[in-house]
Amino acid sequence: MSSRPADLLIARAVRRGGPWLAALTATALLGAAADLLLPAALGRAVDAVVRTQAGAEAGFGLTGPLTAAALLVALVVACDALGVLAAGVSGARAARWLRSRVVAHTLSAGASMTRHFTPGEIVTRAGVNVEEAGRTPEAVVTAATLIVPAAGSVVALALIDPWLAVTLVAGLLLIVAVLRAFMRRTTAASGGYQQAQGEIAAMLVGALAGARTITAAGTEDREAARVLAPLPRLRAHGLALWRLQARAGVQAAVVVPLLEIAVLAVGGLRLSAGGLTVGELLAAARYVVLGAGLGSALGYAARIARARSAAQRLEQLFAVPPPAYGDRPLPPGPGTLELRDVTVRADGVRLLSGVSLVVPGGTCTAVVGRSGSGKSSLAAVAGRLVDPERGAVLLDGVPLREIGREPLRRAVGYAFERPALFGETLGEAVAFGLGARDAPGERSADAVRAAAGAARADAFIRRLPLGYATPVGEAPMSGGEIQRVGLARAFAQAGRLLILDDAMSSLDTVTERQVGRALTGSLSDRTRLVVAHRVTTAAQADQVVWLENGRVRATGTHDRLWDDPGYRAVFRAEEAS
């Protein structure tokens with residue numbers, strides 16, 4: 001992946017430091033200027049001592065240079081203290097901006113993002129990698145301001161003696177060569193280290209999701225070994241980073257003293273020839289230390305390298321495009337759903353192939369088929385959780401791609417096999433999505449209760465001590481009860497099209513029949529697309545779509561299709577599984 005987008009992302013993150021970034025830059029520059037002026041002040045003080053014989057004149061001659069030196073030292077200390085504060089705040093602001101962008105983009109991309117990256121990988125990038133990239137302002141500003149004392153030292157030495165400046169420039173060129181090579185190699189090694197970190201996090205999240213299964217199977221040690229399988233690579237990349245830093249540190253440690261010796265040697269020769277004073281030689285010694293301080297940019301170069309590799313990983317998230325919505329409103333209509341030659345593919349596997357069908361408005365259509373036949377893919381594409389690779393999906397004659405996000409999500413409600421309940425309370429969980437467009441009040445509360453009643457969730461929610469105000473995390477619910485809350489949320493949200501993706505698999509037979517009656521009764525004003533595994537659900541539908549290997553094998557009523565042995569075998573296979 002090209003590093004240019006990552007560098008642009010870092011530049012934008014640096015700018016998000018705001019006023020504190022300006023404060024960091026100002027204190028760094030002011031501190032560097034004070035560092036540059038300090039050797040000259042000390043040199044003048046030494047020359048004043050050498051020239052002065054005794055008496056009040058000596059005290060008067062020393063007071064000015066010593067006072068200037070003390071003020072410069074105080075200024076350096078104050079700049080360092082304020083710089084630490086500014087670096088922390090600007091870094092936090094940059095990290096906040098990056099994390100907000102990552103989270104917002106990830107949620108906007110939705111299912112497209114989770115097809116490319118595992119949840120653990122996404123969390124690692126939004127957490128660890130954002131923090132590494134967020135430290136960029138301090139590293140960039142501090143490293144950049146190190147150029148000021150280096151360049152200033154060259155100018156100051158040129159004013160003292162041109163030969164001293166030439167000697168310093170030669171040494172600085174060697175230091176810059178070391179830093180460039182170190183930056184390039186460290187960026188590559190950091191990328192490998194961060195990749196291994198992400199793999200461990202991804203497998204750990206997966207293991208935690210199945211923690212009960214692992215405990216029941218007694219395979220904790222085996223799973224721990226699987227999660228930590230990338231650890232040798234993590235160690236190898238970590239050691240590579242340390243070796244790179246050690247090698248560059250040794251090279252800088254050799255170059256810097258040699259540079260100081262070379263400048264002092266040239267200065268000593270010039271002093272013996274009468275071309276320098278003792279104070280000027282002292283100032284030159286201090287300036288060469290300041291100039292060689294460019295070698296201390298090694299640590300900041302390492303931070304920038306890690307930030308660049310982290311930014312590259314963040315850019316990989318941003319490269320996954322969120323769905324683009326149109327601006328067309330939905331015209332009045334009964335909720336007729338139409339798929340025209342729809343093909344869906346994921347990771348090179350064709351899930352649906354040339355599917356064409358019409359779900360008349362206000363009817364209930366059951367989608368049946370063996371496992372892997374494409375039922376969930378059909379449900380996903382019907383409400384635009386994913387876009388087809390080829391073909392079009394229309395709702396009341398309007399392609400879903402052309403409908404605005406708000407009218408589309410107002411029209412379509414989804415319920416899933418394993419619903420995730422969002423909101424602080426059960427009432428908020430049922431109203432999730434509904435409250436985003438409707439002002440809270442008695443009307444929305446009535447809609448929540450009506451939807452919960454249709455999903456057969458109202459009774460068990462009311463039995464809880466706090467009823468609908470029960471916190472979600474404290475509600476003792478079975479798998480079937482969680483599904484009923486998920487169904488209630490979909491019933492409340494669906495204005496025109498209701499899609500149930502195996503959303504009744506955990507319901508007992510009696511409850512399923514009751515919910516089925518609601519689908520054909522109080523919810524009959526909406527179009528219903530139901531992924532069905534049970535005969536009773538298919539039998540209650542107005543029509544059945546029978547999928548096989550991602551294609552429509554047949555459509556018709558349940559009674560007509562029941563004459564086909566292959567159709568009956570679908571339900572026997574589901575019952576056996």
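How many bridges join β7 to strand β8 (residues 527-531), and do they run parallel or antiparallel? There are 5 bridges, and the two strands run parallel. With that as a way in, here are some notes for a newcomer. Please keep in mind throughout that this is a predicted model.

1. **The mixed sheet.** β7 and β8 belong to an open sheet of 6 strands, in the order β6-β7-β8-β3-β9-β10, with mixed pairing. Its edge strands are β6 and β10 (551-556), each of which pairs on one side only. From one strand to the next, the twist averages 15 degrees.

2. **The neighbours of β7.** On one side, strand β6 (residues 412-416) is joined to β7 by 5 bridges, and these two strands run parallel. Asp 501 is a handy residue to look for here: it is the bridge partner of Phe 416, and it also stands opposite Val 531 in β8. In addition, Leu 500 stands opposite Val 530 in β8.

3. **How enclosed β7 is.** Strand β7 (residues 497-501) is largely enclosed by the rest of the structure, because 5 of its 5 residues are buried. You can check this face by face: Leu 497, Ile 499 and Asp 501 are buried on one side, and Leu 498 and Leu 500 are buried on the other.

4. **From β7 to β8.** The chain passes from β7 through helix α20 (residues 509-520) to β8, and together the three make a right-handed β-α-β unit.

5. **Helices on the mixed sheet.** Helix α14 lies across β3 (364-368), β6, β7, β8 and β9 (543-548), and it runs at about 155 degrees to β7. Helix α19 packs on the sheet as well, touching β6 and β7, with its direction at about 175 degrees to that of β6.

6. **The antiparallel sheet.** A second open sheet to look at has 4 strands in the order β2-β1-β4-β5, with antiparallel pairing. Here the edge strands are β2 (349-359) and β5 (398-399), each pairing on one side only. Strand β1 (residues 337-346) is joined to β2 by 7 bridges, and the two run antiparallel. Leu 339 stands opposite Leu 357 in β2. Helix α14 (residues 375-382) packs on this sheet, touching β1, β2 and β4 (390-395), and its direction makes about 60 degrees with that of β2. So α14 is worth viewing twice, as α14 also lies across strands of the mixed sheet, including β7.

7. **The hairpin.** β1 and β2 form a hairpin with 2 residues between them, and Asp 347 in the turn has a positive phi of about 55 degrees. The bridge partner of Arg 345 in β2 is Arg 350.

8. **The nonpolar cores.** The largest nonpolar core has 49 residues, and those touching the most other members are Val 368, Leu 487, Phe 491, Leu 498, Leu 500, Leu 519 and Tyr 567. Helix α19 (residues 479-493) gives the largest share of this core, 6 residues. Apart from this core lies another, of 31 residues, among them Leu 357, Val 398, Leu 497 and Leu 529. Returning to Tyr 567, its contacts beyond four places in sequence are Val 368, Ala 538, Val 544, Trp 546, His 558, Leu 561 and Trp 562.

9. **Helix α7.** Does the length of α7 agree with what its residue count should give, or disagree? At 1.5 Å a residue, the 14 residues of helix α7 (residues 147-160) should span 20 Å, and the end C-alpha atoms are 20 Å apart, which agrees. The buried residues of α7 are Pro 149, Ala 150, Gly 152, Ser 153, Val 154, Ala 156, Leu 157 and Ile 160.

10. **Three residues to click on.** Thr 124 is in helix α5 (residues 119-134) and counts as buried, at 9% relative accessibility. Beyond its neighbours within four places in sequence, Thr 124 is in contact with Asn 129, Gln 197, Gly 198, Ala 201 and Arg 313. Val 84, in helix α3 (residues 56-109), is exposed, with a relative accessible area of 62%. Arg 449, in helix α17 (residues 442-454), is partly exposed at 30%.

11. **Two distances.** The C-alpha atoms of Val 84 and Pro 476 are separated by 49 Å, with their places 392 residues apart along the chain. Arg 449 and Ala 246 are 203 residues apart in sequence and 66 Å apart in space, C-alpha to C-alpha.

Conventions: Residues are numbered from 1 along each chain as its sequence is written. This is a predicted model: local features need pLDDT of at least 70, side-chain atom pairs count only at pLDDT 80 or more; totals for chains, interfaces and linings use all residues. Side-chain values use heavy atoms; hydrogens and water are left out. Buried means under 20% relative accessible area, exposed over 50%, partly exposed in between (1.4 Å probe, protein chains only). Two strands pair if DSSP finds at least two bridges between them. A crossover is right-handed if, with the strands pointing away from the viewer, the path from the first strand over the helix to the second runs clockwise. Contact means heavy atoms within 4.5 Å. The expected span of a helix is 1.5 Å times one less than its number of residues. Axes are lines fitted to C-alpha atoms, for helices over the stretch in contact, and angles run from 0 to 180 degrees between N-to-C directions. A nonpolar core is a set of buried Ala, Val, Leu, Ile, Met, Phe, Trp, Tyr and Cys residues joined through side-chain atoms within 4.5 Å.
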